Amino acid sequence: MPQSSSSSKKHGTDQPDIGGPASKSQRTKMVKSSDDTEKKNLAKKLKELEISVPIVYGNIAFWLGKKASEYQSHKWTVYVRGGTNEDISVVVKRVVFQLHSSFNNPTRVVDGPPFELSESGWGEFEIVITLHFHNDVCEKPLHLYHHLKLYPEDDSGPMSTKKPVVVESYDEIVFTEPSEGFFSRVQNHPAVVVPRLPAGFALPPPVPLEDADKRRRGDTKDHTLSQWFSNFSEADELLKLAAARQQSNLLL
Amino acid sequence: MDAKDILLGLPKPTTTPTPHGHQLLPLPADKKSRPPKESQRKPDGISREVYALTGGLAPLMPSVDVNHLKRRAQSENEKITWQWLPFTSSARKDNLQLYHWVRVVNGVPPSGDYSFAKYNKSVDVIKYTDDEYEKHLTDPMWTKEETDELFDLCERFDLRFIVIADRFPTSRTVEELKSRYYSVCRAILIARAPAPGDIAGHPLVKDAYNISQDVERKRALSMVLSQTKQQERRDAEVLAEAKRISEARKAAKGTDELEVPAMTDTVPDDNDGAAAAVDSLSPSPNAQFTSGAIAPPVSEIASTLASLRMMRVYLRTHALEQMVQAASSSAGLRTIKRVEQTLQDLGVNLKPKVPTKAVCAEHLELRKEILTLLNLQKQLQYKEAEGSSYRDGLYAETPGTPPKRVQRAVEQDRTFVPDSFSFGGERMGKRDQKRKAPGRLLEGPPSPAQSKRPRKFKASDG
């Protein structure tokens, strides 16, 4: 599945100076000088940073064709995945999908990746997706609103059981003033966009989350439905915007 | 029946009596016919006088059926007489015997106390001993005699301090009397309480009477009561002005407190701008326009940034929405619609499909630039309108070529603008074809954009 390259940094390759030999001597120098001021500076720098997690959320719906009944005409899956199909469970603890009240147990909790919910039904309604984060990330949950789409936009031709209706939305979760633990835990994770720390700042090695080894693979790169995932390219949009700005600047 | 007939009433009484209720409003012309009608129809159930009260008509709603009225219970099995009998009241201390009518049932008068005795309530005024007075209640402003007199009056008049103040031998204000009474009661309460915790909840202990506050309160109330209408209006104006100033000050303070480097150099401008915006007497409309247009968004944006940071976690689309709103806070609805139209003409999504940090920043900047562009265009229009009207006034005697020439030149300026706009559009289309990027970029729009621009300016043509 083609990975779209975003202009934001990829941390595997774009390591800040922490790894290099030059910074090591710097680090020892830093350690020799007062640790307290360094800690304070680090804390202050962390306060000004923001960590963002690109996500894509939406639904895929298959018409059941011959197997469709009056109340179960479609089989749909609503989900939240990483923007580049990476594992977002490093940040997200669990996801709660609030369905229409006509469903049994309309509050569905998904405790681990992949954060998705499959159901069958006939109606389109708004699903409230609540993301709960790990304790060191953020205590407040975040709500996403997605309108479940089952029927294709254009009434062209008969519905096919092979081609699903896909509606996805791209967004980014922004965490302001990240804690040290959170920062160090995710600084090298592919699902998370972490800004560079200014040269010379060192973070303690990350403390892994509980049951990290027990967790199964959480990325969606090889998901069964991945063939239907949309490709969100930042480059296109940036190009258009840049061109538009150029035009408006001409007029000014 | 014709509606007109109904409204004007029947000119003559008809031979066949109509059932009551068809006539709604008999006019004075009808008065002659009314008395015979009334005597004609005397309905059963209610007396003639009562019927006349309703204007000689039956009520529109069915009144209570006589059968539904409650029959007085036991009116057949018992013999009711009314007798003039003496009675005593427990409320009286003097055994005075008074007389009143009593409903006697079968020769048995009613028993029990006088029915109104239960309403004789009085206040329990504290009684202190001399000993207690010596220990807790001495006060330089009050003699023991005065205090005793006060308490006696309180008892007699049930704490009606206005009456007590009138009867008090020495002249004391109501507030002084209240203060003395409540402080004495409080001191006694505290002194008598076995443990301070017991009475900590007592209202006298918790919120003691504050004489100065009471005096002030009454003074303020009387002032409000005696305000003339003019004073009321002036007060309302001053309050509104104060509110506006404090809000402007708060907005300016918001920019001061943020340590965003980009904002620091605009802060002094912002303060001036905010002050200019608040001051209703600005020298020239244009100066106010530019400063007013730029200053509020800067403070809005700053406060939006601060509130976003406070949220700790948010979606970038939400952040973009807030920033767009803040940036367009000075623009009216029409301007915002024009901005959105411009974005669509340029082929940009109103809400970015891929809202990454960079994309959102670009989108915001683009919107701001378009807003500036539109504002400048509007200013240009104003200036031209001013200029042309000025020139019209100057060249009133020679309404010939000079004004027309100027106007034509101005028009040429205007048409130049849309040309470059659509020209740029075409250029952009070509550029993108080279790139082979997909998308819906300005293939059709140049023509409609072109036709749109001149139309907009036509409205302002002289």
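This is a short dialogue on reading features of a predicted model.

Trainee: Where do I start with chain B? How many helices and strands does chain B have?

Mentor: Chain B has 19 helices and 3 strands. Next, look at burial. Of its 462 residues, 27% count as buried.

Trainee: What share of the contacts in chain B joins residues at least 24 apart?

Mentor: Take the contacts between residues at least 6 apart in sequence. Of these, 53% join residues at least 24 apart.

Trainee: Now the surface. Which atoms supply 57% of the area that chain B exposes?

Mentor: Carbon and sulfur atoms do, out of about 32200 Å². Then look for nonpolar side chains that cluster on the outside. Here B:Ile80, B:Trp82, B:Trp84, B:Tyr99 and B:Trp101 make a nonpolar patch of about 630 Å².

Trainee: Which strands each supply at least two residues of that patch?

Mentor: Strand E1 (80-87) and strand E2 (98-105) of chain B. The largest share, 3 residues, comes from E1(B). B:Tyr99 sits in strand E2 of chain B.

Trainee: Is B:Tyr99 buried or exposed?

Mentor: In between. Its relative accessible area is 45%, so B:Tyr99 is partly exposed.

Trainee: How do I read helix packing? What is the angle between H5 and H7 of chain B?

Mentor: Fit an axis to each helix, then compare directions. Helix H5 (residues 144-157) and helix H7 (residues 174-192) of chain B pack at about 95°, with their axes 11 Å apart. An angle of 65 to 115 degrees counts as roughly perpendicular, so H5(B) is roughly perpendicular to H7(B).

Trainee: Which residues in H5(B) and H7(B) meet?

Mentor: From H5(B), B:Thr147, B:Leu150, B:Phe151 and B:Cys154. From H7(B), B:Leu177, B:Arg180, B:Tyr181, B:Val184 and B:Cys185.

Trainee: And the backbone? Where is B:Asn95, and what is its phi?

Mentor: Scan for positive phi in residues other than glycine. B:Asn95 has phi near 60°. B:Asn95 lies in the loop between E1 and E2 of chain B. At 69% relative accessibility, this residue counts as exposed.

Mentor: B:Arg312 has a positive phi too, near 75°. B:Arg312 is in the loop between helix H14 (285-311) and strand E3 (313-315) of chain B. Its relative accessible area is 37%, so B:Arg312 is partly exposed.

Trainee: What is B:Arg312 in contact with, leaving aside its neighbours within four places in sequence?

Mentor: Residues of chain A: A:Cys138, A:Val174, A:Phe175, A:Thr176 and A:Glu177.

Trainee: Which peptide bond in chain A is cis?

Mentor: Check omega. The bond from A:Pro113 to A:Pro114 is cis, with omega near -10°. A:Pro114 is in the loop between strand E4 (107-110) and strand E5 (115-121) of chain A.

Methods. Residues numbered from 1 in each chain as written. Chains lettered and ligands numbered in written order. Predicted model: local features only at pLDDT ≥ 70, side-chain atom pairs only at ≥ 80, totals over all residues. Heavy atoms only, no water. Helix = DSSP H or I, 4+ residues; strand = E, 2+ residues; numbered from the N terminus. Buried < 20%, exposed > 50% of the residue type's maximum accessible area, 1.4 Å probe, protein only. Contact = heavy atoms within 4.5 Å. Areas by Shrake-Rupley, 256 points an atom, 1.4 Å probe, with all protein chains shown as cover. Patch = residues over 30% accessible without salt bridge, like charges linked within 9 Å, V, L, I, M, F, W, Y side chains within 5 Å. Salt bridge = Lys/Arg side-chain N within 4 Å of Asp/Glu carboxyl O. Axes fitted to C-alpha atoms, helices over the stretch in contact; angles between N-to-C directions. Parallel < 35°, antiparallel > 145°, perpendicular 65-115°, else oblique.
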